[in-house]
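Q: I have a protein model open and would like to learn how to read its features one by one. Could you walk me through it?

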Amino acid sequence: MDLNPIKDAFDRVAKKQKLSGSKAQEVIDQIMQEIENAVEIIRSEHSGSEFNYTSVLPELNKKLQEISPLSQLEGAQKELNIALSKYPKQLEKSFNPDISKAYRNIDFDNHTINQIIASHFYRHGLLSIGDCFVNEAEELESTIAMRSLFSEMYMIVEAMKDRNLEPALRWAAANSDKLKKNGSDLQLKLHRLQFMEILQNGSRSEALAYARTNITPFASTHLGEIQKLMGCLLWAGKLDCSPYSELQSLANWNTIADELTRQFCNLLGLAFESPLSVTIAAGFQGLPPLLKFMTVMAGKKQEWHSMKQLPVPVELDKEFQFHSIFVCPVSKEPSTDENPPMLMSCGHVLCKQSINKMSKNSSKIFKCPYCPSDSDATQ
């Protein structure tokens, strides 16, 4: 979806609004200046109760009429109103308010959907909102364990934002074997952050003692990393000016916090990204071509709900592609639940319908189209 026309229309409105506001302020300043001048005249010429204040007012009124504030504001306000009137039309042109025609009537598993929504709230630390949702959805029992786990993760990440690594180090130590099995060096990275934090505070001896106890056990696999950390000892108390400043940067802290979140979810068998966020983001990409296709189908009076697959491609970015697609080398068609890929005894794969066709519905032996091996459909 091209959002540039919407951005351009918005920028025009913002520009006209800024010009209108500046013009209004200019007119107000002119009026205030004339009023202040009139007040100054009254103060300077006042010599008692005999002074006639009304003699100043006609002159003030004349000058205000010369300023003509309404005439000055009319042009800028008119241009702003024109830009404002065009902006909603651009929104309506770019966004279809009725997406129901791209909706396929499916019986959703409400329990699963509630779990996805609740996990989204909990994994982002919105505990009170998540609690309110599960209470109203009557999913309290099934989400107790989920809430506890995500609460722990949220507490660890929030502590890291305050430069407190103790909760993260305890969790990494408790799950060190699982992290190693996943090939993660998260525990070393956390110890490195703690080492740098101690060193930044100026305690070289304390940092060295911490490294001996917690970092040297990783020497067999991360010797170069440890040698680099030893070089940091020369910059105790002034790491911000050192060649190692990136190790203590906020970006590095955020990167390791993200990795901790990823590993935490991985050990729970969950995706790093919220399924709800991924679904909405994928829908944002897939909806425009679907709506365009539905408009064409509606014009041809064809019903798409009965189709097994869409006749047009709906392209999604790579981050939304989780499953490979098998295309049968014989029929050149992608596999489906009704026509799944099947492994032959020779190790090659064809779709079920192609095998049935080549074997005359399992009535004879057939040759694999890739090798000279004979294959039996029943095997």
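Q: Let's start with a single residue: where is Lys332 found?

A: Happy to help, and one thing to keep in mind is that this is a predicted model. Lys332 is found in the loop between helix H13 (275-299) and strand S1 (341-343). Its phi is positive, about 65°, although Lys332 is not a glycine.

Q: Is Lys332 buried or exposed?

A: The idea is to compare the relative accessible area with a cut-off, and exposed means over 50%. Lys332 has a relative accessible area of 62%, so it is exposed.

Q: What is the phi of Arg163, and where does that residue lie?

A: Arg163 also calls for a look at the backbone: its phi is near 65°, a positive value in a residue other than glycine. Arg163 lies in the loop between H6 and H7. With a relative accessibility of 30%, Arg163 counts as partly exposed.

Q: Which residues is Glu197 in contact with, beyond its neighbours within four places in sequence?

A: Glu197 is in contact with Arg163, Gln248 and Trp253 once those neighbours are left aside. Glu197 itself lies in helix H9. The cut-off for buried is under 20% relative accessible area, so Glu197, at 18% relative accessibility, counts as buried.

Q: How should I read a nonpolar core, and which residues have the most contacts inside the largest one?

A: In soluble globular proteins, nonpolar side chains tend to be buried together. In this model, the largest nonpolar core has 41 residues. Those with the most contacts inside it are Met160, Leu165, Trp171, Leu190, Phe195, Ile215 and Leu260.

Q: Which elements give two or more residues to this core?

A: They are helices H4 (110-123), H5 (127-137), H6 (140-161), H7 (166-174), H9 (186-200), H10 (204-214), H11 (223-232) and H12 (250-267). H9 gives the most, with eight residues.

Q: What does Leu260 touch, not counting residues up to four places away in sequence?

A: Leu260 touches Ile156, Val157, Met160, Ala168, Trp171, Leu186 and Leu190. Apart from the core just described lies another core, of eight residues, among them Leu350, Ile355, Phe366 and Cys368.

Q: Which residues of H7 are buried, and what covers them?

A: For a helix, list the buried residues, then look for what is in contact with them. The buried residues of H7 are Pro167, Ala168, Leu169, Trp171 and Ala172. What covers them includes H6, helix H8 (176-181), H9, H10 and H12.

Q: What is the volume of the second largest pocket, and which residues are closest to its centre?

A: A pocket can be read by volume, then by lining. The second largest pocket has a volume of about 430 Å³. There are 19 residues lining the second largest pocket, and the closest to its centre are Val157, Lys161, Ala257, Asp258 and Thr261. H6 and H12 are the elements that give two or more residues to this lining.

Q: Which element gives the largest share of that lining, and how do the lining residues divide by type?

A: H12 gives the largest share of the lining of the second largest pocket, seven residues. By type, the residues of this lining divide into nine nonpolar, four polar and six charged.

Q: How do I read a record's annotation, and what does UniProt place at residues 328-371?

A: Take the span from the record, then look at the model. UniProt places the feature "zinc finger region: RING-Gid-type" at residues 328-371, in an unreviewed entry. The unreviewed UniProt entry also places the feature "domain: RING-Gid-type" at residues 328-371. In the model, the end C-alpha atoms of residues 328-371 lie 16 Å apart, and the span is 16% helix and 18% strand.

Q: In which strand is the place of Ser375, and what is Ser375 in contact with?

A: Ser375 has its place in strand S4 (residues 374-375). Ser375 counts as buried, at 2% relative accessibility. Leaving aside neighbours within four places in sequence, Ser375 is in contact with Met344, Ser345, Cys346, Ile365, Phe366 and Cys368. The C-alpha atoms of Ser375 and Ile355, 20 residues apart along the chain, are separated by 9.3 Å.

Q: One last residue: in which helix does Pro88 lie?

A: Pro88 lies in helix H3 (residues 69-94). Pro88 has a relative accessible area of 37% and is partly exposed. The C-alpha atoms of Pro88 and Ile6 are separated by 9.5 Å, with the two residues 82 residues apart along the chain.

Technical notes:
Residues numbered from 1 in each chain as written. Predicted model: local features only at pLDDT ≥ 70, side-chain atom pairs only at ≥ 80, totals over all residues. Heavy atoms only, no water. UniProt positions renumbered as here; feature names shortened; annotations may be inferred. Helix = DSSP H or I, 4+ residues; strand = E, 2+ residues; numbered from the N terminus. Core = buried A, V, L, I, M, F, W, Y, C linked by side-chain atoms within 4.5 Å. Buried < 20%, exposed > 50% of the residue type's maximum accessible area, 1.4 Å probe, protein only. Contact = heavy atoms within 4.5 Å. 1 Å grid on protein atoms, 1.4 Å probe; cavity = no way out; pocket = protein on both sides within 12 Å on 5 of 7 lines; lining within 4 Å. Points joined across faces, edges and corners; volume = space filled by probe spheres on them. Nonpolar A, V, L, I, M, F, W, Y, C, P; charged D, E, K, R; others polar.
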